[in-house]
Amino acid sequence: MKKNELQSDNELYGCALRICAGLLLFMLLDAGLSLLAMRAASQGTALYAGQAAAYAAAMCAAVCCARTGRAGQTPALGTGGRFDFFSLFAVFCAVSFGASVCGGVVRGLLQAAGLGAAASPALPVGAGAWVFFLLKSVLLPALLEELLFRGAILDRLLPFGERFAVLVSAVLFALSHSAAEALPGALLFGIFFALLRLRTGSLLPGMLFHLLNNAGAVGALLLTEKAPFLYDGIYTATGIVGALCALGTLVYYLRAGRAPLPPAREPRAGAFFRTLPTLLWLAVSVLVIAVNAGV
């Protein structure tokens with residue numbers, strides 16, 4: 001093996017070690033601290049506040065671990081490139097439509113196999129509980145997941161090539177979701193958020209669209225529980241809008257004659273997922289997903 005190839009392999013292993021250590025740290029801390037919060041308060045505002053604090057602490061620890069030893073610039077929060085909200089919102093709607101369709105297909109396959117989908121979270125009772133529920137379900141993931149996956153992790157992967165960084169960070173983002181039906185949608189959103197970060201040079205646009213997606217998910221859950229007679233009509237309308245946006249996005253890239261992903265560079269993404277730290281994290285993630293699916 002040539003010296004430069006050996007050096008590249010060592011750098012890739014070190015990159016995988018830092019990233020997967022951060023992701024494993026998040027899983028352990030989030031589970032452990034959430035369990036402590038449930039023991040301290042079994043219901044009400046205190047429970048939701050404890051879960052939000054556990055999530056925030058675990059995610060911050062993961063960000064710090066993934067960035068440790070990385071000499072580089074902290075991701076910018078201000079928009080450093082072109083940001084056309086309406087065109088990007090159309091792409092966001094297209095991605096949302098694709099995520100919904102893929103999630104429905106996976107859910108159907110799970111039911112056909114006699115497996116269960118992940119249970120929807122119970123809606124809180126009381127104003128205080130709602131504040132911390134929204135903090136944990138909508139705001140904190142939009143901010144902290146972007147800091148981790150499109151900030152610390154994407155920055156660490158970019159020296160190996162933009163396409164490599166986008167695809168690997170998106171797969172890691174997808175597998176960090178513990179529900180099987182959420183995997184394809186999370187993969188699509190992971191690619192979209194990573195490309196958005198590269199296009200604008202900022203984390204803020206990704207945080208904004210991530211926030212919109214989370215808010216939409218909570219809104220759908222609320223409609224299902226409180227106003228199911230409105231859910232079907234709104235779901236159909238948003239599905240039509242998403243389908244039209246998906247068609248428009250496809251036509252745009254076909255007419256432009258270019259792919260949305262940057263040009264490929266070595267190493268290939270498979271090399272990252274063959275490293276020992278990544279294989280360990282993959283095994284834990286797949287085990288969690290399988291348990292949640294009732295395998």
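## A guided tour

Start by selecting Pro121. Its relative accessibility is 46%, so Pro121 counts as partly exposed. That term covers the range between buried, under 20% relative accessible area, and exposed, over 50%, with a 1.4 Å probe and protein chains only.

Before moving on, note the ground rules. This is a predicted model, in which local features need pLDDT of at least 70 and side-chain atom pairs count only at pLDDT 80 or more, while totals for chains, interfaces and linings use all residues. Residues are numbered from 1 along each chain as its sequence is written, and side-chain values use heavy atoms, with hydrogens and water left out.

**Stop 1: around Pro121**

Stay on Pro121. It sits in the loop between α3 and α4. Helices are DSSP runs of H or I with at least four residues, strands are runs of E with at least two, and both are numbered from the N terminus. Now add Phe133 and Leu221: Pro121 is in contact with both, leaving aside its neighbours within four places in sequence. Contact means heavy atoms within 4.5 Å. Add Val218 as well. Its C-alpha atom is 9.6 Å from that of Pro121, although 97 residues separate the two along the chain.

**Stop 2: the whole chain**

Zoom out and colour by secondary structure. How many helices and strands are there? The protein has 10 helices and zero strands. The order along the sequence is α-α-α-α-α-α-α-α-α-α. Of its 295 residues, 36% count as buried. Take the contacts with a separation of 6 or more: 81% of them join residues 24 or more positions apart. Switch on the surface. About 15,400 Å² is exposed, and carbon and sulfur atoms supply 68% of it. Accessible areas here come from the Shrake-Rupley method with a 1.4 Å probe; for residues, only the protein chains shown count as cover.

**Stop 3: the cores**

Select Leu148, Ile153, Leu157, Leu172 and Phe272. In the largest nonpolar core, which has 50 residues, these touch the most other members. A nonpolar core is a set of buried Ala, Val, Leu, Ile, Met, Phe, Trp, Tyr and Cys residues joined through side-chain atoms within 4.5 Å. Which helices each supply at least two residues of this core? They are α1 (3-40), α2 (45-67), α3 (85-112), α4 (127-157), α5 (162-175), α6 (183-200), α9 (269-273) and α10 (276-292).

Centre on Leu148. Beyond neighbours within four places in sequence, Leu148 contacts Leu23, Met59, Ala62, Val63, Ala66 and Ile153. A second core is separate and has seven residues, including Tyr48, Ala129, Phe133 and Val218.

**Stop 4: α2 against α4**

Show these two helices alone. Two packed helices are described by the angle between their axes and the distance between the axes. For α2 and α4 the angle is about 5° and the axes are 9 Å apart. Axes are lines fitted to C-alpha atoms, for helices over the stretch in contact, and angles run from 0 to 180 degrees between N-to-C directions. The pair is therefore roughly parallel. Angles under 35 degrees count as roughly parallel, over 145 as roughly antiparallel, 65 to 115 as roughly perpendicular and the rest as oblique. The contact of α2 with α4 has 21 nonpolar, three polar and five charged residues. Nonpolar here means Ala, Val, Leu, Ile, Met, Phe, Trp, Tyr, Cys and Pro; charged means Asp, Glu, Lys and Arg; the others, Gly among them, are polar.

**Stop 5: α6 against α7**

Next, select α6 and residues 204-226, which form α7. Are they roughly parallel or antiparallel? The packing angle is about 150°, with the axes 8 Å apart, so the two helices are roughly antiparallel. From α6, pick Phe189, Phe192, Phe193, Leu196 and Thr200; they meet Pro205, Gly206, Phe209, His210 and Asn213 of α7. By class, the residues of this contact are six nonpolar, four polar and no charged.

Keep Asn213 selected. This α7 residue counts as partly exposed, at 24% relative accessibility. Not counting residues up to four places away in sequence, Asn213 touches Phe92, Ser96 and Phe189. Val138 is 75 residues from Asn213 in sequence and 8.4 Å away, C-alpha to C-alpha.

**Stop 6: along α1**

Finish with two residues of α1. Met38 lies in this helix and is partly exposed at 47%. Leu47 and Gln51 touch Met38, not counting residues up to four places away in sequence. The C-alpha atom of Gly50 is 7.7 Å from that of Met38, 12 residues apart along the chain. Then select Ala31, also in α1. Ala31 is partly exposed at 48%. Gln51 is 20 residues from Ala31 in sequence and 9.5 Å in space, C-alpha to C-alpha.
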